[in-house]
Amino acid sequence: MSTTVEKIKAVEDEMARTQKNKATSFHLGQLKAKLAKLRRELLTSSQASSGGAGIGFDVARTGVASVGFVGFPSVGKSTLLSKLTGTESEVAEYEFTTLVTVPGVIRYKGAKIQMLDLPGIIDGAKDGRGRGKQVIAVARTCNMLFIVLDVNKPLHHKQIIEKELEGVGIRLNKTPPDILIKKKEKGGISITNTVPLTHLDNDGIRAVMSEYRINSAELAFRCDATVDDLIDVLEASTRRYMPAIYVLNKVDALSIEELELLYRIPNAVPISSGKEWNLDDLLQLMWDRLNLVRVYTKPKGQMPDFSDPIVLRSDRCSVRDFCNQIHKSLVDDFRNALVYGSSVKHQPQYVGLSHILEDEDVVTILKK
């Protein structure tokens, strides 16, 4: 009986052998769907057998968001963690110095953000090589990833890490595809699209749906989707969309001309963690991508407290979330809130629990 990893290898080999043309689109669609299902099987089985991330990998979460450092061994992740957070992670010139997850905390613009130095991953990590499954399991739980790359090593390391993360359902700097799937009892597959589909044809769509044993459904495409996008929607429970920054480390060894080329790479920040160059730019981009919302409290009849904001996630930043962050009992005693800032038309304005707050709003809670 072949293992899941062997089955994945067999499917990948068959895909590599198959020519890509209109006649093979049905077959390729089926193979891609089969591959996605096998990867899901591998992911869920590893989580079930290890009971989580595993000893030395699971860490207590603190702060409003977490940032995971992912990269090959000896690219400077531990040095970067110690420079940003003051946490001492073992640093040496040899590879695989960090063998467990090392947490640190940075306070930036009033927000406590946890940073996790993960052990170096290697090619084949998604299939379990080099304790890769545990490393990637922790990476999946983060709110953002720093992909740390050594600029003195080949740039194809970037593609290898992206491939490893893609293989376990992590989608970097992407949004979920705008595809609606509504299953039906009967009537077959009906397909509608509001934009031309240049990467997909009906054969490819039907191949994927048949592999998932969906024979009757309405599909509405609102984007120029690929086969992979359709599979991502069908595998939504195992997909994780998160922002990532490519941290191009050790630039102190480069010339000005080489450095200018690095600035053209999207979502990237050139730094030198050893010399502490450009760490401010890195933290500013991290802040922008995390999309956090700072809200200041103003007790009735007093000046606002600008020294210690309540920091909320952008997807959970209503007045109710704000109250719960201070104390659960506030919601029960809540009458209304007085808000100053960009989220209201009038300064100040009375709002209810469902009002969505924006960055640097000032709030007074009025009790019953």
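Start by selecting helix α3, residues 77–85. Among the elements covering its buried residues are β1, β2, β3 (111–117), β4, β10 (244–249) and α9. Helices here (H or I, at least four residues) and strands (E, at least two) are DSSP runs, numbered from the N terminus. Buried means under 20% relative accessible area, exposed means over 50%, and partly exposed is in between, using a 1.4 Å probe and protein chains only.

Before you click further, a word on what you have open. This is a predicted model, in which local features need pLDDT of at least 70 and side-chain atom pairs count only at pLDDT 80 or more, while totals for chains, interfaces and linings use all residues. Residues are numbered from 1 along each chain as its sequence is written, and side-chain values use heavy atoms, with hydrogens and water left out.

Now zoom out for a moment. You should find 11 helices and 16 strands in the protein. It has 368 residues, of which 47% count as buried. Contact means heavy atoms within 4.5 Å. Taking the contacts with a separation of 6 or more, 66% are between residues 24 or more positions apart.

**Stop 1: α3 and its partner α9**

Go back to α3. Seven of its nine residues are buried, so the helix is mostly covered. Colour K77, S78, L80, L81, S82, L84 and T85 to see the buried ones. Right after the helix, G86 has a positive phi of about 80°.

Next, add α9 (residues 279–290). Two packed helices are described by the angle between their axes and the distance between the axes. The axes are lines fitted to C-alpha atoms, for helices over the stretch in contact, and angles run from 0 to 180 degrees between N-to-C directions. For α3 and α9 the angle is about 85° and the axes are 12 Å apart. The two helices are therefore roughly perpendicular to each other. Angles of 65 to 115 degrees get that label, while those under 35 count as roughly parallel, those over 145 as roughly antiparallel and the rest as oblique. Show side chains where they meet: L80, K83 and L84 from α3, against L279, L282 and L283 from α9.

**Stop 2: the aromatic pairs**

How many aromatic pairs does the structure hold? There are three. Rings of Phe, Tyr and Trp (its six-membered ring) pair if their centres lie within 6.5 Å; planes under 30 degrees apart count as stacked, over 60 as edge-to-face and the rest as tilted. Select F69 and F146: their ring centres are 5.4 Å apart and their planes are at 25°, so this pair is stacked. F69 belongs to strand β1 (residues 65–71) and F146 to strand β4 (residues 144–150), so the pair ties together parts 77 residues apart in sequence. Both F69 and F146 are buried.

Then pick Y108 and W287, an edge-to-face pair with 6.1 Å from centre to centre and 65° between the planes. Y108 sits in strand β2 (residues 102–108) and W287 in α9, so you are looking at a link across 179 residues. Y108 counts as buried at 15% relative accessibility, and W287 does too, at 6%.

**Stop 3: charges over rings**

A charge sits over a ring if NZ of Lys or CZ of Arg is within 6 Å of the ring centre and within 35 degrees of the ring normal. Select K158 and Y246: the charged end of K158 is over the Y246 ring, 4.6 Å from its centre. Now try K37, which lies over the face of Y212 at 5.6 Å from the ring centre.

**Stop 4: α6 and α7**

Keep K37 on screen and select E211, which touches K37 as well as Q30, A33 and K34, leaving aside residues up to four places away in sequence. E211 is in helix α6 and is buried, with a relative accessible area of 14%.

Show all of α6 (residues 202–211) together with α7 (residues 227–234): they pack at an angle of about 30°, with axes 10 Å apart. That makes α6 roughly parallel to α7. I205, V208 and M209 in α6 meet V227, L230, I231 and L234 in α7. Just past α6, R213 has a positive phi of about 55°.

**Last stop: backbone details in loops**

Pick S74, in the loop between β1 and α3. S74 is not a glycine, yet its phi is positive, about 60°. Finish at Q347 and P348, joined by a cis peptide bond with omega of about -10°. You will find P348 in the loop between β14 (334–340) and β15 (349–351).
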